[in-house]
Amino acid sequence: MNMETGAVLAPPQPRRIEEMKLPLVMMRDIVLKTMFRKNTNIVTDLARTVCLPVTVAQELIDMCRGQGLMEAMGTLGPSGEVSSEMPYQLTDSGKARALDALAQSEYFGAMPIPLDVYAEQVKRQSIRNIQITRDQLTGAMGHLVLPEDLISNLGPAVSSGRSILMYGPPGNGKSSISNGIRDAMGDRIYVPRAIEYSGQVITVYDPIVHSRAEDDAEDPNALRRRARFDRRYVLCQRPTVITGGELSLNMLDLVYNPTARTYQAPLQLKSTGGIFIVDDLGRQAEPPQKLVNRWIVPLEESKDILALQSGEKFEVPFDTLVIFSTNFHPNEIFDQAALRRIFFKIKIDGPNQQDFLKIFSLVARKKKMQLDEASLVHLLKNKYPTIKNIYANYQPVFLIDQMIAVCDFEGIPYKMTPELIDRAWSNMFVKDEKIVK
C-alpha cells in the first residue's frame with residue numbers, strides 16, 4: 001500500500017556486535033586501520049568516525065585488546081589531570097596488523113552495511129511507496145506551461161514508480177519535466193555510506209549525486225547522545241542521477257579502484273530510492289536498443305546483477321524510477337519487445353500558439369523585456385509561417401535572450417521591435433545551403 005511522502009522508516013541502530021552481521025575480522029581491521037590513519041585514541045572519536053554507537057565501538061576495542069592489538073593508556077591527561085575517557089593506542093602487533101590490512105584494502109572509516117541488511121532498508125523507503133498527488137506535481141511544475149492533460153498522464157506514471165519514456169520534438173521541456181518530477185517527491189531517504197558483499201566494500205554515498213538533508217549536518221556531539229538512526233547512513237533528499245549523451249554501458253558496472261582495492265557503486269545503485277534520468281536517448285555511442293536491453297532484468301524484476309573483479313556475480317536491489325527522454329520516435333530506436341518493457345510512454349508536444357504567447361509573456365516579464373504588439377504580430381504573421389507555425393518551448397527564451405544581447409551591445413532600452421525580432425530569428429535557425437569549398 002502506498003504511503004504519503006515523508007513516511008520513511010529510519011534504519012535502526014545496531015546495539016551489539018552480533019547485530020552488525022559483518023565478519024568480525026573485517027570490523028576489527030577497519031577499527032585498526034581507522035585508528036592508524038586518523039590517529040584517534042578515545043572511544044567517542046572512534047565511534048563517530050566509524051559511525052557506530054559508543055557501546056558497539058567499545059565492544060570492538062575490547063575485542064582488539066583481548067587479541068593484544070590495542071592497549072589502554074591510563075586515565076591521566078597530558079597535563080596530569082584525570083581524563084574523562086580512557087585513551088587507547090595500537091600495540092606493535094596492532095600497527096603491524098593495520099599495515100597488513102591496509103595492504104589488502106585502503107578502506108577505513110564508516111563501517112559498511114551488509115547488502116542483505118541494506119536491501120531491507122530499500123524496501124522501507126521504496127520509490128514505489130510514494131503517492132504523488134496532483135497538487136504536488138502541479139506545484140513542482142508551476143513554472144512550466146504544460147498541456148492540460150500532461151499532469152493527468154504523468155501522475156499515475158510517477159506514483160507507480162515504473163519506467164517512463166518521454167518523447168517528442170526537441171526543445172519542449174522533457175528535461176524540465178523530469179526535474180519537476182524529482183522536485184515533486186520532496187521527501188528524504190537514508191543512503192548508505194558503504195555496503196559490504198562477500199568481504200568487499202562498495203561505497204555508495206556520493207556528495208555529487210546525493211543532497212544531504214540540512215538537519216543531518218555533522219554534529220561533533222552527535223554520538224554523545226542517543227542518535228535517531230544508524231549513522232552508517234546519510235539522510236538525503238531522494239537522489240536524482242541525470243545522464244545524457246555521455247552514458248555508456250560500462251558506467252552501469254561496479255567501478256574498481258585498484259589502489260584502494262575497493263569498489264564504487266554504479267550510477268543506478270547510487271540512484272536507488274530516487275530517479276535515474278537518461279536524457280537525449282539516441283545520442284549515446286551505444287545504440288538505444290542496447291542500452292534498454294541492459295535495463296530489461298532490472299525493470300521487470302526490481303533487481304540488478306553486478307560483478308566483482310573475480311567475476312563473481314550478485315544481485316542488488318533495483319528500486320529506481322527510470323525516465324528515458326528522447327527526440328526520436330520510439331519506433332525508430334526500439335523494437336516492440338523493448339517498448340513493452342517501458343511501462344509508460346508519454347508524448348511531449350510543442351505548445352500551441354496560445355501557450356506559446358503565454359510562455360513568451362512570462363519570459364519577457366522575468367527578463368524585463370518590454371513587449372510590443374507590432375513586434376509580436378510580425379513574429380507570428382511573418383516569421384512562424386516560414387517554419388509551418390511549429391512552436392517549441394525553448395524558442396521564447398532563445399529569442400528574448402538574443403534581443404537582450406543586441407540591446408546590451410547597442411546600449412538601447414529593453415524594448416521589442418520588429419528589427420530585433422528579425423535579428424534574433426536569424427540566429428535561431430541555420431539556412432539550408434551548400435557551402436562552396
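What I would like to start with is the packing around helix α7, where, in this predicted model, the buried residues of the helix pack against α6 (134–140), β4 (164–167), α8 (174–185), β15 (321–326) and β16 (344–347). Helix α7 itself covers residues 150–160, and the buried residues in question are Leu150, Ile151, Leu154, Gly155, Ala157, Val158 and Ser159. If you follow the chain out of α7, you come to glycine 161, whose phi is positive, near 70°.

One of the elements I just listed as a packing partner of α7 is strand β15, and I would like to stay there for a moment, with threonine 326, which lies in that strand. Is threonine 326 buried or exposed? Its relative accessibility is 1%, and because the cut-off for burial is under 20%, threonine 326 counts as buried. As for what its side chain does there, it reaches the backbone oxygen of leucine 281 at 2.8 Å, and a polar atom of the same side chain lies 3.0 Å from the backbone nitrogen of phenylalanine 328. If we set aside the neighbours within four places in sequence, the residues in contact with threonine 326 are Leu165, Met166, Tyr167, Gly168, Lys174, Leu281 and Ile333.

Let me turn now to two helix pairs, beginning with α15, residues 394–410, and α16, residues 418–428, whose axes come within 9 Å and cross at roughly 120°. Angles of 65 to 115 degrees would count as roughly perpendicular, and α15 and α16 are therefore described as oblique to each other. The crossing of α15 past α16 is right-handed. On the α15 side, the contact involves Tyr394, Gln395, Phe398, Leu399, Gln402, Met403, Val406, Cys407 and Glu410, and these meet Leu420, Ile421, Arg423, Ala424, Trp425, Asn427 and Met428 of α16. Sorted by class, this contact has 11 nonpolar, 3 polar and 2 charged residues.

The other pair is α1, residues 24–38, with α2, residues 43–50, and here the axes come within 11 Å and cross at roughly 110°, so that α1 and α2 are roughly perpendicular to each other. Which residues make the contact? From α1 they are Val31, Thr34, Met35 and Lys38, and from α2 they are Leu46, Thr49 and Val50. By class, the residues of the contact between α1 and α2 divide into 4 nonpolar, 2 polar and 1 charged.

Notes: Residues are numbered from 1 along each chain as its sequence is written. This is a predicted model: local features need pLDDT of at least 70, side-chain atom pairs count only at pLDDT 80 or more; totals for chains, interfaces and linings use all residues. Side-chain values use heavy atoms; hydrogens and water are left out. Buried means under 20% relative accessible area, exposed over 50%, partly exposed in between (1.4 Å probe, protein chains only). Helices (H or I, at least four residues) and strands (E, at least two) are DSSP runs, numbered from the N terminus. Contact means heavy atoms within 4.5 Å. Axes are lines fitted to C-alpha atoms, for helices over the stretch in contact, and angles run from 0 to 180 degrees between N-to-C directions. Angles under 35 degrees count as roughly parallel, over 145 as roughly antiparallel, 65 to 115 as roughly perpendicular and the rest as oblique. A crossing is left-handed if the near helix is turned anticlockwise from the far one by less than a right angle, and right-handed if clockwise. Ala, Val, Leu, Ile, Met, Phe, Trp, Tyr, Cys and Pro count as nonpolar, Asp, Glu, Lys and Arg as charged, and the others, Gly among them, as polar. A polar contact is a pair of N or O atoms within 3.5 Å; within protein, one must be able to donate a hydrogen and the other to accept it, and residues adjacent in sequence count only if both atoms are side-chain atoms.
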